[in-house]
Structures are given as C-alpha cells and as structure tokens.
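Trainee: Got a minute? I'd like to go through this one with you.
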There are 2 protein chains.
Amino acid sequence: MATRSNTTAPKKRYRVGVATVVVVFTIQEEALKVLLARRAREPFRGRWALPGGFVRPDEDLDASARRKLGEKTGVTGYYLEQLGAFGQVDRDPRERAVAVAYYALIPSDRLVLRPSKSADAAAWFPVDEPPELAFDHEAILETARERLAAKLDYSTIAFQFLPETFTLVEVQRIYEAVKGEQLDKRNFRRAIQALGKLKATGKKRRDGFGRPAMTYRIKGPKDVEIIK
Amino acid sequence: MATRSNTTAPKKRYRVGVATVVVVFTIQEEALKVLLARRAREPFRGRWALPGGFVRPDEDLDASARRKLGEKTGVTGYYLEQLGAFGQVDRDPRERAVAVAYYALIPSDRLVLRPSKSADAAAWFPVDEPPELAFDHEAILETARERLAAKLDYSTIAFQFLPETFTLVEVQRIYEAVKGEQLDKRNFRRAIQALGKLKATGKKRRDGFGRPAMTYRIKGPKDVEIIK
C-alpha cells in the first residue's frame with residue numbers, strides 16, 4: 001500500500017477484519033456443486049468452509065477474491081460477481097469481522113483443486129447436500145444459490161458453465177441443475193435458440209444418451225448479458 | 001501442491017474501518033431525488049456526500065445503516081436493501097476503509113431532514129444533476145440507480161415511493177421518474193392493474209391536471225414482491 005498518513009484519522013476509530021469469501025459453483029454429473037475447503041486451523045478446525053481469507057492492505061476486494069480463488073483452483077478468466085457484505089456482530093468467534101462474499105462460475109472442464117496451509121482438503125459438494133459449514137457460510141451459500149437461480153431467468157449467466165463446445169442437451173442439463181427441476185426439451189430448445197447466442201460448429205458428438213448430437217459454441221464474447 | 005509463501009496469517013491481523021453508506025431515494029415534483037449531506041469535517045469538508053458513517057462494535061451492518069438514516073430523516077419502516085461493498089484501496093484519503101452501501105426508498109410525504117454534527121446541511125438533489133460528491137459516492141449512487149431501475153421491471157419496488165393513497169397518474173409519474181422516459185398511459189394502466197396489488201378507495205381527488213381521479217391504496221402488506 002502507498003504510505004498514507006493516519007494523522008487526520010480519529011484516534012478511536014473502530015476497525016474490523018475484512019475477509020473475502022467466494023462461493024464457487026460448477027456443474028458436475030448434471031448437478032450444481034460448490035467448492036469447499038476443510039479448515040486446518042481454529043476456529044472451526046476440521047469443518048468445511050467456503051474458500052476465503054482476509055484482505056491485504058494493498059488489494060481491492062475483487063482482487064482479494066480472485067487471489068483466493070486462484071490459490072484454490074488455478075483457474076483464471078471466470079465470471080465473478082459480488083453478492084454483498086455479511087457483517088453480523090458475532091459471525092466470527094475470534095473478533096468482529098466482515099465478510100464480503102462473491103460467487104464465481106467455473107466450467108467443469110477447468111478444475112484443479114489445490115490444498116493450502118489453511119485448508120487440508122478441498123472438494124466439490126452437491127449444493128443440495130452440503131456438510132455443516134463454518135461461520136455464517138451456510139447463509140452465504142444460500143444467498144449465492146438464490147442469486148444464481150434468479151439470474152438464470154433474465155441473463156445468459158448459465159453459459160459461464162459451458163465448455164468450449166457443447167451439445168444442447170448439455171445446456172439443458174445446466175439449467176435443470178441450477179433450477180432443481182426438469183424442463184421441457186422442445187420449449188427449452190426454442191427459448192435458448194431464440195437468444196441468438198449459439199453457433200453450430202458443424203461437428204457432432206455423442207450426447208448423454210449416446211446419440212450423435214450437433215455441437216455448438218458461444219457466439220462472440222462469453223459475457224453475461226441481461227435478457228429483456 | 002502449490003506452496004504459498006506469503007499467505008501465512010499475520011500475527012497482527014490487518015483491520016480496516018467499515019462504514020455504511022445509504023443512497024436514499026424519493027420522488028419529488030415528478031423527479032427521482034437523492035438525499036445528500038454537506039460534510040462539516042475533513043476530508044472533503046464542504047462537499048456533498050451520501051449519508052453514512054462508521055459501524056459501531058455492537059451493531060450489525062443493517063442496523064448501522066438504519067441508525068444513520070434515522071439520524072438524518074427521522075423516518076422508520078422504509079425499504080432498505082444492501083447494494084454491496086465498495087473497497088478500493090484508496091477510496092478514503094485517511095486510511096483504508098470499506099463502505100457497505102445500501103439504498104432506501106422513502107415516500108415523499110415522510111420527509112424530515114436533520115442536520116448533524118458531521119453535516120451542516122442536508123438536501124434532496126435530482127439524481128440527474130448531483131453536485132460533485134465526496135469519496136467514491138458518485139460510483140455508489142450510479143450503482144444504486146442502476147439497481148433501482150432494473151428492479152422496477154421485475155418487482156413491485158416502485159410502490160415503496162407511494163403515499164397511503166394515490167392516483168394512477170401518480171404511480172405512472174414514479175415509474176417515469178425512475179426510468180427517465182415517458183410511458184404510454186393506457187399500456188401502463190393495464191400492466192399496473194394486472195399486478196392485482198391496487199385497491200380503489202372509492203374516493204376521488206384532483207390529479208395532476210386538476211381533474212377528479214380515483215384514489216387507490218396498496219392491497220395487503222407493502223412488501224417488495226418479485227413479478228414473474
């Protein structure tokens with residue numbers, strides 16, 4: 001951090017620890033999964049938690065979240081969005097700490113999990129059956145899941161889960177995994193094609209049922225667009 | 001496994017100031033307005049800013065935002081929603097400080113502005129023509145405005161601006177003020193009535209054009225509902 005004089009700051013200002021916490025979603029085996037790390041330290045030693053850690057003096061909040069995620073997964077270029085701040089007075093048993101929570105979406109073909117000093121294991125868990133979590137991470141996970149499900153209806157956010165090329169069955173499975181319900185195949189295909197964001201590659205590969213199916217790629221940049 | 005040379009938890013944890021900042025919107029004279037307070041202290045003394053202040057040890061973030069707003073306006077029971085955390089390293093010239101921003105909606109019939117120790121004036125400004133603001137408050141205001149405009153399309157959030165009873169013209173003026181565009185009267189009335197949230201009072205009063213118009217009230221609790 002650039003050296004900055006504290007002389008004009010009030011002497012008694014109350015300061016707290018600020019951590020970033022990231023809810024990392026992926027799709028595996030047609031299920032929405034979340035990345036969890038097992039804590040190797042107190043508090044909550046041995047319990048699973050969302051990846052995260054305290055912000056450093058020289059880094060912005062987004063940078064802190066990306067650093068934490070890079071340490072855990074090695075991936076870059078993924079979609080990251082802030083969920084908000086979680087600051088209940090007693091959420092950390094050590095001292096007052098505010099968590100700024102994010103969620104990230106990672107295609108299932110880009111996963112490398114790395115243990116670290118603060119976590120002795122990292123693993124993907126189905127969002128429907130998470131273990132007991134440390135701190136207020138269950139509330140953060142629930143908020144992230146609600147945000148993702150809501151955003152599915154008015155944006156192209158689901159495309160962030162897709163690998164480079166994919167079949168329409170794979171796209172449908174992603175929507176179904178996030179929504180937790182089965183969708184009508186014909187209606188889904190009509191709606192997804194109407195977005196005008198998919199481009200056929202001209203090559204087929206076997207879909208989930210072993211039949212040859214056309215593969216597609218995303219047209220243009222893979223940004224999250226709002227659907228009006 | 002990746003070794004992490006520089007992520008060992010420091011013995012003395014890095015702590016920062018955490019403030020809550022509230023973007024308070026109302027509708028006055030058919031325009032969307034925001035509450036600003038003029039700073040009586042450094043930094044940015046004399047400049048206008050969003051109401052806010054540092055979180056106290058014993059209060060949650062939401063409580064801190066409501067306290068700040070109560071001090072400025074005296075109102076209670078209004079809609080308050082967190083926008084997110086703003087934590088650029090250099091956003092406060094004194095020292096590192098993270099702002100957790102909220103936005104609130106207040107009907108125009110419930111306004112009492114109070115000056116305070118830290119502000120020598122408080123006033124409503126048209127959102128389209130704000131003065132130069134302190135800190136990163138212009139970015140926070142812009143984020144709040146975008147969130148509000150987006151939410152108008154898929155929720156009943158605009159009803160939070162309404163007084164106890166109102167005419168349909170007044171409802172339309174609120175939507176137009178937030179969206180910054182004129183709406184077709186017949187289409188608007190059809191869409192707003194289709195929500196099934198308005199109940200005619202049976203009493204008329206003069207609308208904006210001096211003609212007698214039916215007044216309405218919100219049916220049931222005045223919550224913000226998502227429109228599917």
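Mentor: We can take the chain contacts, then a sheet in chain B. This is a predicted model, where local features need pLDDT of at least 70, side-chain atom pairs count only at pLDDT 80 or more, and totals for chains, interfaces and linings use all residues. Residues are numbered from 1 along each chain as its sequence is written, and chains are lettered from A in the order in which they are written.

Trainee: How many residues of chain A are in contact with chain B?
Mentor: 33, against 31 residues of chain B; contact is C-beta atoms, placed from the backbone, within 7 Å.

Trainee: Which elements of chain A supply at least two residues each?
Mentor: β1 (15-28), α1 (61-73), β5 (79-86) and β6 (97-105). Helices (H or I, at least four residues) and strands (E, at least two) are DSSP runs, numbered from the N terminus. β1(A) gives the largest share, four residues.

Trainee: And how does β1(A) run relative to β1 of chain B?
Mentor: Antiparallel, joined to β1(B), residues 16-28, by two bridges; strands pair if DSSP finds at least two bridges between them. A:V16 sits opposite B:V16.

Trainee: Switching topic: what is the strand order in the open sheet of chain B?
Mentor: β8-β10-β9, three strands with antiparallel pairing.

Trainee: Why do β8 and β9 each have one side without a neighbour in the sheet?
Mentor: Because β8 (166-167) and β9 (198-206) of chain B stand at the edges, each with a single partner strand.

Trainee: How many bridges between β9(B) and β10(B)?
Mentor: Six, with β10 of chain B covering residues 212-218. B:L198 has B:I218 in β10(B) as its bridge partner.

Key:
Contact = placed C-beta atoms within 7 Å.
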